[in-house]
Amino acid sequence: MKRREFITLLGGAAAWPVAAGAQQRKVPTIGVLVVEASGLEQFWRLFRENMAELGYVEGHNIRYEFRSDQGQISRASALAAELVSLNVDLIVTWFTPAAQAAKAATRDIPIVMALTGDPIANGLVESLSRPGGNITGMSGVNVQLGGKCVELIREMLPLAHRVVALTQAANPFSKPFLEQIEAGGSAIGIVIGNKTISSIEDLESAFADMEKERPDAVIVQPSLPNKRAADLAVTYQIPAVSTFQPFAEQGGLMSYAPAMAYLYRRAAVYVDKILKGAKPGDLPVEQPTQFELIINMKTARALALTVPPSLLARADKVIE
């Protein structure tokens, strides 16, 4: 072997450990599994912004694999399995069906709930303080949320005596959602009915049925199409409320919901902790402590409603 070739080979060998070390510096990949619903764009934007504030620059020291069920909850399981097959380092979920699909798909990959319904009632965690397993994050409800919505309806409509909960059959959060509202109604003497739809296409017929029954108000499950439900409520002249912030912003009469920006910020903090070595089962599931009341005055006028000044004074946001 010539001397020059030997030196070149030796130099290349000396570089091998450096190259190997560079290959070992793996960029973490975050799988993101979501349900297609109102507020999705806000979640995705704020979550990435919050991750950037924590020092995670997309394409540099973090990667995202984003998957949406595109309005078909039945697709969530296959999408979760796809993320697992990609060997992502962590999965972030948005809405209960996404969290349940991710949990069913893996017991090893950490899962952070950015927003979900009652995680205990839905079998996602064993307890809030010690969730155990591979899942933790943010609960989108606390025990007072459903009852508070019923109270606000009574304050808006003092003579209200019957309220319907509009729920989605395929969504596992429907049962605890209805139970929350029923407990709130029982506490103040309002009868709670339930109208369940099997698909989004049934939304208009559900409102047509309610027009015949004439409930005093309807509480719309967050996973249903917010704008479509809000428009139908005005068309059929039924005051509609939701426990999800975008509902009132898109034409619903009123929403009482957790401050979403705070939930998404905390979800990013959880991701950061787990990427730095924390175990998800040791991180308590957080319940919201900040809530926002939004009243849509344009919708109130369309429904010929007079909003009590005391209620307006407490609103965090009034849409004119």
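Entry 1: burial and the Arg-67 pair

My cut-off first: buried means under 20% relative accessible area, exposed means over 50%, and partly exposed falls in between. I'm working on a predicted model here. Arg-67 has a relative accessible area of 16%, so I put it down as buried. I then looked up its partner: Arg-67 makes a salt bridge with Glu-82, and their closest N and O atoms are 2.9 Å apart. The two come from distant parts of the chain, with Arg-67 in strand E2 (residues 63-68), Glu-82 in helix H3 (residues 76-85), and their positions 15 residues apart. Glu-82 comes out at 33% relative accessibility, so I logged it as partly exposed.

Entry 2: other salt bridges

How many salt bridges does the count come to? I get 19. I followed up on a couple more of them.

Arg-266 and Glu-286 meet through their side chains at 2.5 Å, N to O. This pair also links distant parts of the chain: Arg-266 sits in helix H10 (residues 260-275), and Glu-286 sits in the loop between H10 and strand E11 (291-296), 20 residues apart. Are Arg-266 and Glu-286 buried or exposed? Both are buried. I also traced shared partners, and salt bridges join Arg-63, Glu-65, Arg-67 and Glu-82 into one network.

Next I checked Glu-249, which forms a salt bridge with Lys-317, the closest N and O atoms being 3.5 Å apart. Glu-249 is in helix H9 and Lys-317 in strand E12 (residues 317-319), so this bridge ties together parts 68 residues apart in sequence. I noted both ends as partly exposed: Glu-249 has a relative accessible area of 34%, and Lys-317 has 38%.

Entry 3: rings

I searched the whole structure for aromatic pairs and got 12. I opened up Phe-43 and Trp-94, which are stacked, with 5.6 Å centre to centre and 10° between the planes. Phe-43 belongs to helix H2 (residues 40-53) and Trp-94 to strand E3 (residues 90-94), so the pair ties together parts 51 residues apart in sequence. Both rings' residues, Phe-43 and Trp-94, are buried. They also belong to one aromatic cluster, whose members include Trp-44, Phe-47, Tyr-64, Phe-66, Phe-244 and Tyr-264. Elsewhere I found Lys-273 over the face of Tyr-270, at 5.9 Å from the ring centre.

Entry 4: the seven-strand sheet

In what order do the strands of the open sheet run? I read it as E7-E6-E8-E9-E10-E11-E12, with mixed pairing. Strand E7 (191-197) and E12 are at the edges with a single partner strand each, so one side of each has no neighbour in the sheet. From one strand to the next, the twist averages 20°. I zoomed in on strand E6 (residues 162-168) and E7: they run parallel and are joined by seven bridges. In that stretch, Arg-162 stands opposite Val-191 in E7. I also looked at what packs on the sheet: helix H5 (residues 145-156) lies across several strands, among them E6, E7 and E9, and runs at about 155° to E10.

Entry 5: Thr-243

Last stop was the loop between strand E9 (240-242) and helix H9 (245-249), where Thr-243 lies. Thr-243 has 8% relative accessibility, so it counts as buried. Which residues is Thr-243 in contact with, leaving aside its neighbours within four places in sequence? I listed Leu-145, Cys-149, Phe-177, Val-220, Pro-222, Tyr-256, Ala-257 and Pro-258.

Conventions:
Residues are numbered from 1 along each chain as its sequence is written. This is a predicted model: local features need pLDDT of at least 70, side-chain atom pairs count only at pLDDT 80 or more; totals for chains, interfaces and linings use all residues. Side-chain values use heavy atoms; hydrogens and water are left out. Helices (H or I, at least four residues) and strands (E, at least two) are DSSP runs, numbered from the N terminus. Buried means under 20% relative accessible area, exposed over 50%, partly exposed in between (1.4 Å probe, protein chains only). Contact means heavy atoms within 4.5 Å. A salt bridge is a side-chain nitrogen of Lys or Arg within 4 Å of a carboxyl oxygen of Asp or Glu. Rings of Phe, Tyr and Trp (its six-membered ring) pair if their centres lie within 6.5 Å; planes under 30 degrees apart count as stacked, over 60 as edge-to-face and the rest as tilted. A charge sits over a ring if NZ of Lys or CZ of Arg is within 6 Å of the ring centre and within 35 degrees of the ring normal. Two strands pair if DSSP finds at least two bridges between them. Axes are lines fitted to C-alpha atoms, for helices over the stretch in contact, and angles run from 0 to 180 degrees between N-to-C directions.
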